[in-house]
Amino acid sequence: MKIDHIAIVVADLEATLAIYTQSLGFEQIYRETIADQGVEAVGLQAGESSIELLRPLDEGSPIARFRGSAASKLHHTAYRVDDLPAEIAALRARGVRMIDERPRKGAHGNLIAFIHPASTAGVLIELCQQEHPA
Ligand code: ZN
């Protein structure tokens, strides 16, 4: 499976974005609010993959509590799949616990589903399917 993106939850989106773009040289490819996940997301190109910086919209939300007092923290890794419903079915058949048993809309026009960290040795994993593959 190819890595689609690595998502990092941050405390200060503007400051972190400045570090990634101005100091580290990443190029910003999208910026959008994902109301469904309660975050503002900025995508940065990293080869064929991307880094996604996430700012919680609500500092009382689970994702903000997960980040805690850290300036930034790895939130999830995301892998690209061609047929998300088939992947979900195959994972469930192998006893994998899903957070999303049906695909839902994610960032950047993708369909996504999260696997429960209880089934991934602790790091949250997202599967994503491009709705309109290039
Ligand atoms: Zn993601």
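The legends below describe close-up views of a predicted model.

**View 1. The zinc ion and its donor residues.** In this predicted model, the zinc ion is coordinated by the NE2 atom of His5, the NE2 atom of His76 and an OE atom of Glu126, at 2.0 to 2.1 Å. Along the sequence these donor residues follow the spacing H-x70-H-x49-E. Because His76 belongs to strand β5 (residues 72-80) and Glu126 to strand β8 (residues 124-130), this pair ties together parts of the chain that are 50 residues apart in sequence.

**View 2. The surroundings of His76 and Glu126.** His76 has a relative accessible area of 0% and is therefore buried. Glu126, with a relative accessibility of 4%, also counts as buried, because the cut-off for this term is under 20%.

**View 3. Strand β1 beside strand β5.** Strand β1, which covers residues 2-10, runs antiparallel to β5 and is joined to it by 8 bridges. Within this pairing, the zinc donor His5 stands opposite Ala78 of β5.

**View 4. The open sheet and its edges.** The sheet is open and holds 8 strands with mixed pairing, arranged in the order β2-β3-β4-β1-β5-β8-β7-β6. Its edge strands are β2 (27-34) and β6 (104-105), each of which pairs on one side only.

**View 5. Confidence along the chain.** The average pLDDT of the chain is 94, and 98% of the residues score at least 70. Confidence is highest in helix α1 (residues 13-23), at 98, whereas the lowest mean, 90, is found in β6, which is also one of the edge strands of the sheet.

Terms used:
Residues are numbered from 1 along each chain as its sequence is written. This is a predicted model: local features need pLDDT of at least 70, side-chain atom pairs count only at pLDDT 80 or more; totals for chains, interfaces and linings use all residues. Side-chain values use heavy atoms; hydrogens and water are left out. Donors are N, O and S atoms within 2.8 Å of the metal (3.2 Å for Na, K and Ca); water is not among the atoms, so sites may look incomplete. Helices (H or I, at least four residues) and strands (E, at least two) are DSSP runs, numbered from the N terminus. Buried means under 20% relative accessible area, exposed over 50%, partly exposed in between (1.4 Å probe, protein chains only). Two strands pair if DSSP finds at least two bridges between them. pLDDT is the predictor's confidence in each residue, from 0 to 100.
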